[in-house]
Amino acid sequence: MRAYQDVLVEERLRELAGRLRGPARLKADLLTEARHSLQDAVEAYREGGLPRAEAERRAVAEFGSPAQLAPDYQAELAAGALRRLAVRALAVAVVLMAGGDLTWRGSSWSDGPRPPEGYLLLSASLNGIWGLVAALALAGLLLGILAARYRSSRLPRLGRAVGYGLTGGLLGGALAGSALFGWSITLWEAALSWPPMIIGAVVVSVGWFALARAARCWLQTTC
């Protein structure tokens, strides 16, 4: 049977963990820090001469209830999730803006008839979307860092607004990119067998998978 101290500490931590949502690694780190703080407090009271039960009671009471602690812990998890989403979004945006045209360069159809105006407009719009995503990602990264360092009620709200904008931008980029890819295939059937196009599609798919997981994790922290 575990000591009463261990049971009490773990029960309080389980209650706190049940209220938190966010990146698993960061959540585990926060709970580990909380566990160490509780155990240190118990030991300090015991060294002061208090019996185990009284040391337990005071340490847990001073630690606070899960309802009191959860908002601050959840804000830190949200900041961490926003940082992760922003880093991945920025990386994907930079790669797509810098290397998107490389998938077409040297192809047999690059010197062919001019694409329809709607196609060119969609392509230009996609570049604009990725530029916006990159800007929002930088803002989200900055806010995520500031929110983790400073206690402010404004920073989480700003981070939430930027996070929603970033998620919306990513969704718009996914829809526009899919439409442009499908339209490209209808215009040039050889695109399906063009090696740079195939490699680009694989790289983009991996990037979107990572982005989808990061966006889902961040959205969970806001619920």
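Q: Why are Arg12 and Glu15 said to be separated by about one helical turn?
A: Because they sit 3 residues apart in helix 1, Arg12 and Glu15 are about one helical turn from each other. One thing to keep in mind from the start: this is a predicted model.

Q: What makes the pairing of Arg12 with Glu15 a salt bridge?
A: The closest N and O atoms of Arg12 and Glu15 are 3.2 Å apart. A salt bridge calls for a side-chain nitrogen of Lys or Arg within 4 Å of a carboxyl oxygen of Asp or Glu, so this pair qualifies.

Q: Why is Arg12 called buried or exposed, whichever it is?
A: Arg12 has a relative accessible area of 18%. Buried means under 20%, so Arg12 is buried. Its partner Glu15 has 42% relative accessibility. That value lies between the 20% and 50% cut-offs, so Glu15 counts as partly exposed.

Q: How many salt bridges does the structure hold?
A: There are 3 salt bridges. The one between Arg12 and Glu15 is among them.

Q: How do you know that the side chains of Arg46 and Glu43 meet in a salt bridge?
A: From N to O the distance for Arg46 and Glu43 is 3.8 Å. The limit is 4 Å, so the pair counts as a salt bridge. Both residues belong to helix 2, where they are 3 residues apart, about one turn of the helix.

Q: What are Arg46 and Glu43 called on the scale from buried to exposed, and why?
A: Arg46 has 34% relative accessibility, and Glu43 has a relative accessible area of 33%. Partly exposed covers the range between 20% and 50%, so the label fits Arg46 and Glu43.

Q: What makes Glu54 and Arg58 a salt bridge?
A: Their closest N and O atoms are 2.9 Å apart. That is within 4 Å, so the definition is met. Glu54 and Arg58 both lie in helix 3 (residues 52–63), 4 residues apart, which is about one turn of the helix. Glu54 is partly exposed at 22% relative accessibility, and Arg58 is partly exposed at 34%.

Q: Why is Gln74 counted as buried or exposed?
A: Gln74 reaches 10% relative accessibility. The mark for buried is under 20%, so Gln74 counts as buried. Gln74 belongs to helix 4.

Q: Which residues does Gln74 touch, not counting residues up to four places away in sequence?
A: Gln74 touches Arg19, Leu20, Arg21 and Thr221. They are called contacts because heavy atoms come within 4.5 Å.

Q: Why does Arg88 get its accessibility label, and which residues is Arg88 in contact with?
A: Arg88 has 28% relative accessibility. Since that falls between 20% and 50%, Arg88 is partly exposed. Arg88 is in helix 4 (residues 66–99). Leaving aside neighbours within four places in sequence, Arg88 is in contact with Ala210, Leu211, Arg213 and Ala214. Its C-alpha atom is also 8.5 Å from that of Ala137, a residue 49 positions apart along the chain.

Q: What makes up the nonpolar surface patch of about 270 Å²?
A: Val95, Ile199 and Val203 make this patch. Members of a patch need over 30% relative accessible area. Val203, at 45%, is partly exposed, so it passes that cut-off. Val203 is found in helix 7 (residues 195–222).

Q: How do you know what kind of secondary structure the protein chain has?
A: The count comes to 7 helices and 0 strands. From the N terminus on, the elements run α-α-α-α-α-α-α.

Q: How does the radius of gyration of the protein chain stand against that of a compact globule of 223 residues?
A: The globule would have a radius near 17 Å, but the protein chain has 25 Å. Along its principal axes, the C-alpha trace spans about 90 × 40 × 20 Å. Buried residues make up 34% of the 223 residues.

Q: Where in the protein chain is confidence lowest, and where is it highest?
A: Among the elements, helix 1 (residues 4–18) is lowest at a mean of 76, and helix 2 (residues 24–47) is highest at 90. The chain averages a pLDDT of 84, and 91% of the residues score at least 70. Over residues 1–6, pLDDT stays under 50.

Technical notes
Residues numbered from 1 in each chain as written. Predicted model: local features only at pLDDT ≥ 70, side-chain atom pairs only at ≥ 80, totals over all residues. Heavy atoms only, no water. Patch = residues over 30% accessible without salt bridge, like charges linked within 9 Å, V, L, I, M, F, W, Y side chains within 5 Å. Areas by Shrake-Rupley, 256 points an atom, 1.4 Å probe, with all protein chains shown as cover. Helix = DSSP H or I, 4+ residues; strand = E, 2+ residues; numbered from the N terminus. Buried < 20%, exposed > 50% of the residue type's maximum accessible area, 1.4 Å probe, protein only. pLDDT = per-residue confidence, 0-100. Rg over C-alpha atoms; globule rule 2.2 N^0.38 Å.
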